[in-house]
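Colleague: I should like to learn how to read the features of this structure. May we go through them one at a time?

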There are 2 protein chains.
Amino acid sequence: MKAFNVGLIGLGNVGSRVWHNLLTHKKLLAEKSGKIIEIKRVALRSLQKGYNLGIPKEILTTDWQDIVNDPEIEAVVELIGGIDISYEIITSALKKGKDVVTANKALLANHGQQIANLAFEQKRRILFEASVAGGIPLLQAIQDGLVANRFLMIAGIVNGTCNYILTEMTSQKSSYAEALKKAKELGYAEANEKLDVSGEDSAHKAAILCALSYRFWPKVEEIYTAGIESVDPMDIQYAADLGYVLKLLAIIKKHPHSKKVEIRVHPTLLKKDHILSSVSGAFNAVIVKGDIVGDQLFYGRGAGGDPTASAVLSDLVELARYPSDAYHARIFFSSTESEYKIMPISEIISRYYVRLNVVDKPGVLASIAQILGRKNIGISSVVQPEVSNLSQGVPLIIMVHDAKEKDFTEACAEMSKLPFLKGNPVIYRVEDFHAQSE
Amino acid sequence: MKAFNVGLIGLGNVGSRVWHNLLTHKKLLAEKSGKIIEIKRVALRSLQKGYNLGIPKEILTTDWQDIVNDPEIEAVVELIGGIDISYEIITSALKKGKDVVTANKALLANHGQQIANLAFEQKRRILFEASVAGGIPLLQAIQDGLVANRFLMIAGIVNGTCNYILTEMTSQKSSYAEALKKAKELGYAEANEKLDVSGEDSAHKAAILCALSYRFWPKVEEIYTAGIESVDPMDIQYAADLGYVLKLLAIIKKHPHSKKVEIRVHPTLLKKDHILSSVSGAFNAVIVKGDIVGDQLFYGRGAGGDPTASAVLSDLVELARYPSDAYHARIFFSSTESEYKIMPISEIISRYYVRLNVVDKPGVLASIAQILGRKNIGISSVVQPEVSNLSQGVPLIIMVHDAKEKDFTEACAEMSKLPFLKGNPVIYRVEDFHAQSE
């Protein structure tokens with residue numbers, strides 16, 4: 001059986017599991033790919049890590065150039081993360097005629113277009129199944145299994161850290177700080193959690209999902225992104241009373257009557273009985289709505305060494321199975337101009353939850369209702385829960401029917417000026433997943 | 001752009017949607033496959049149907065041989081169902097050097113091995129994504145996206161008709177007959193519902209899932225298969241009180257310490273908060289547990305013209321994209337002897353729910369507990385709900401801990417002989433989805 005020589009760059013959490021699982025599943029992978037997938041060289045920062053894993057000394061190097069310049073290596077697996085060096089590694093590898101596998105969503109979100117263009121010019125493949133939703137074969141589903149569909153919507157939970165924290169805040173009624181602390185203790189959150197909890201990591205994944213389904217790479221800074229740092233358990237509780245669950249979602253949705261695509265990441269309220277609401281802990285789950293196939297959901301572990309390694313290995317099998325030249329189909333998005341473009345957040349239409357903290361006196365609700373009425377925004381429900389200490393103000397929770405984001409935020413700005421309001425309105429978008437065909 | 005010529009055999013519910021969607025998505029499919037996928041010929045029983053759909057007269061035929069013998073046709077799509085003629089069509093097409101796409105689970109479950117062998121000999125491809133779970137790209141996930149994994153378990157709801165009926169019986173507390181009637185009215189059940197409600201259709205799908213994950217085709221008659229016809233709404237209610245939901249599942253599970261694989265189809269109790277429990281109506285959902293990736297769930301529409309057409313079209317794109325000779329990897333299971341074999345149902349280990357109808361007198365529970373005790377079967381809970389009419393006997397519901405099927409059925413047989421028992425014990429297996437790695 002022919003060998004398929006791979007160079008592995010990065011031996012962290014994911015890289016070490018790629019090494020391990022390739023070793024323990026070597027025979028299986030050979031049977032399934034028709035080639036013996038062999039890691040010919042490993043580049044890493046500190047050689048000691050390689051010794052600890054029992055990797056033969058002679059294949060270890062601290063210089064990634066040794067891998068990219070090795071003429072016998074057919075595919076390079078980049079698993080160091082970050083943007084600058086990984087960009088250099090991947091572009092060098094493609095220029096040297098190697099196929100590339102990466103899990104690097106930050107890099108793709110920021111330089112996906114250039115990398116896809118380069119791969120296309122070089123007639124090489126760049127595969128990145130592991131970059132979104134970890135072990136879930138979601139990108140493959142979008143590109144192959146659901147290939148016949150026009151995508152009406154892709155939306156879901158693509159960050160396990162945030163989902164763990166929100167689940168904890170919901171089930172244990174704990175504060176954000178408490179839930180974050182526990183997430184760190186259990187290894188579900190990094191020491192520096194910023195990239196996850198700010199929503200930025202989800203935005204990177206949204207950019208990749210957009211590129212694959214609508215064939216254009218949105219600018220990361222154009223993706224409306226709100227994280228979970230300021231979520232108050234109070235709102236989780238009030239929403240629960242109304243039958244809703246709070247999840248951080250990435251939403252990519254085509255507008256029904258134009259070629260505009262909403263791309264946004266924010267904490268979102270879902271009906272309690274929606275299947276995404278039952279996705280708890282560090283799991284990921286993504287809904288894909290195709291115009292032919294209807295609704296699909298993909299669920300699994302979105303992070304962690306092993307699930308991510310599973311995706312990396314599936315990309316390697318694909319490279320080993322098929323020759324590069326049979327393969328331009330998947331990177332078509334770099335060769336054709338997309339007809340789609342991003343829709344500004346101000347234009348989206350959504351339902352909203354808003355909590356106002358008001359002084360308890362007559363006429364308050366009337367003033368608020370008037371402001372919403374002038375913007376033609378219909379109220380679907382109002383709750384004013386009993387509170388013990390009136391001096392702090394009383395919460396007033398209003399759910400409104402479908403409204404244009406611009407109108408709703410203008411209404412909120414007007415409310416903020418009302419003399420009896422304490423603090424700013426707290427708002428959450430409510431998602432019903434009604435994406436429509438043309 | 002080169003054409004990829006397809007012959008379509010069968011213009012029923014699925015065939016007509018393949019025709020329609022291929023027409024409406026022609027440009028998209030060309031961009032994604034690199035070829036213009038063209039239906040060159042359509043074979044159908046009555047030409048009128050073709051006229052009604054506006055298919056050009058000159059490409060219609062009532063003789064499938066016209067398609068199989070057309071040297072310009074590269075791929076044959078078989079969508080007539082049944083076993084005998086479809087077997088002849090598919091084997092003829094492969095022998096004539098054509099690739100084949102089919103949605104025919106009954107045929108594959110019964111003749112999968114011969115067909116796979118023939119395809120392998122002929123170096124042709126046989127793709128059947130649409131045969132299991134309709135539009136969900138499940139077979140592709142097993143063969144490609146999760147390819148690096150050894151499968152510990154594949155289990156799920158693969159028959160929408162049964163799931164609709166059970167959902168209806170649960171939510172509306174209706175009888176089986178009432179729910180079936182409604183399913184027929186809404187088009188979720190065929191006029192002849194037998195194949196679905198008997199569990200046979202699910203068993204066919206289980207056979208295919210087994211072949212792809214464990215590389216052997218089990219004999220259909222060796223798959224333990226129980227349907228939903230005799231489900232009593234009473235048990236759904238009692239189970240609900242205990243926190244369980246009843247679903248018809250197909251379960252393929254490797255035994256942890258041997259090369260034996262459980263393959264079974266039966267109504268199964270799941271914990272209410274398990275994600276499969278929230279799959280309602282005519283939807284399908286399948287859990288795949290890989291040794292590297294952990295738990296995954298795939299959810300979507302498992303039947304219907306459009307979802308099934310989506311899967312058929314994805315198979316056609318795959319054929320159009322890649323030349324046949326790059327492609328032996330996927331049908332490896334016909335070329336290597338599998339090390340796995342089916343485990344008889346008597347050897348499985350499961351938790352059980354049993355409902356006994358007993359005469360209400362002292363000592364009854366003791367006798368039953370003794371029988372279970374002698375078989376070393378532990379009781380996890382007992383419920384004796386209050387009933388108004390004691391003369392009909394009183395229901396006694398017992399949940400038992402993990403037990404060997406053989407021991408449990410023997411215990412049930414002993415109970416049946418007890419003088420105070422009215423009717424036979426009603427049993428359901430309880431699934432916790434604890435599949436283990438070696």
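Colleague: Is α11(B) largely enclosed by the rest of the structure or not, and how many of the residues of α11(B) are buried?

Modeller: Please note that this is a predicted model. In α11(B), 14 of the 15 residues are buried, so this helix is largely enclosed by the rest of the structure.

Colleague: What span does helix α11 of chain B reach from its first C-alpha to its last?

Modeller: In general, an α-helix has 3.6 residues a turn, so residues three or four places apart point the same way. Helix α11 of chain B, residues 200-214, reaches 20 Å, close to the 21 Å expected at 1.5 Å a residue. Just after α11(B), R215(B) takes a positive phi of about 65°.

Colleague: How many aromatic pairs are there over all chains?

Modeller: A pair of aromatic rings is described by the distance of the centres and the angle of the planes. The count comes to twelve over all chains. Among them, F283(A) and Y299(A) are stacked, at 4.9 Å centre to centre with 5° between the planes. F283(A) belongs to strand β11 and Y299(A) to strand β12 of chain A, so the pair links distant parts of the chain, 16 residues apart. Both F283(A) and Y299(A) are buried.

Colleague: Which aromatic pair do F283(B) and Y299(B) form?

Modeller: F283(B) and Y299(B) form a stacked pair, with 4.9 Å between centres and 5° between the planes. F283(B) lies in strand β11 and Y299(B) in strand β12 of chain B, so the pair ties together parts 16 residues apart in sequence. F283(B) counts as buried at 14% relative accessibility, and Y299(B) at 12%.

How values were computed: Residues are numbered from 1 along each chain as its sequence is written. Chains are lettered from A and ligands numbered from 1 in the order in which they are written. This is a predicted model: local features need pLDDT of at least 70, side-chain atom pairs count only at pLDDT 80 or more; totals for chains, interfaces and linings use all residues. Side-chain values use heavy atoms; hydrogens and water are left out. Helices (H or I, at least four residues) and strands (E, at least two) are DSSP runs, numbered from the N terminus. The expected span of a helix is 1.5 Å times one less than its number of residues. Buried means under 20% relative accessible area, exposed over 50%, partly exposed in between (1.4 Å probe, protein chains only). Rings of Phe, Tyr and Trp (its six-membered ring) pair if their centres lie within 6.5 Å; planes under 30 degrees apart count as stacked, over 60 as edge-to-face and the rest as tilted.
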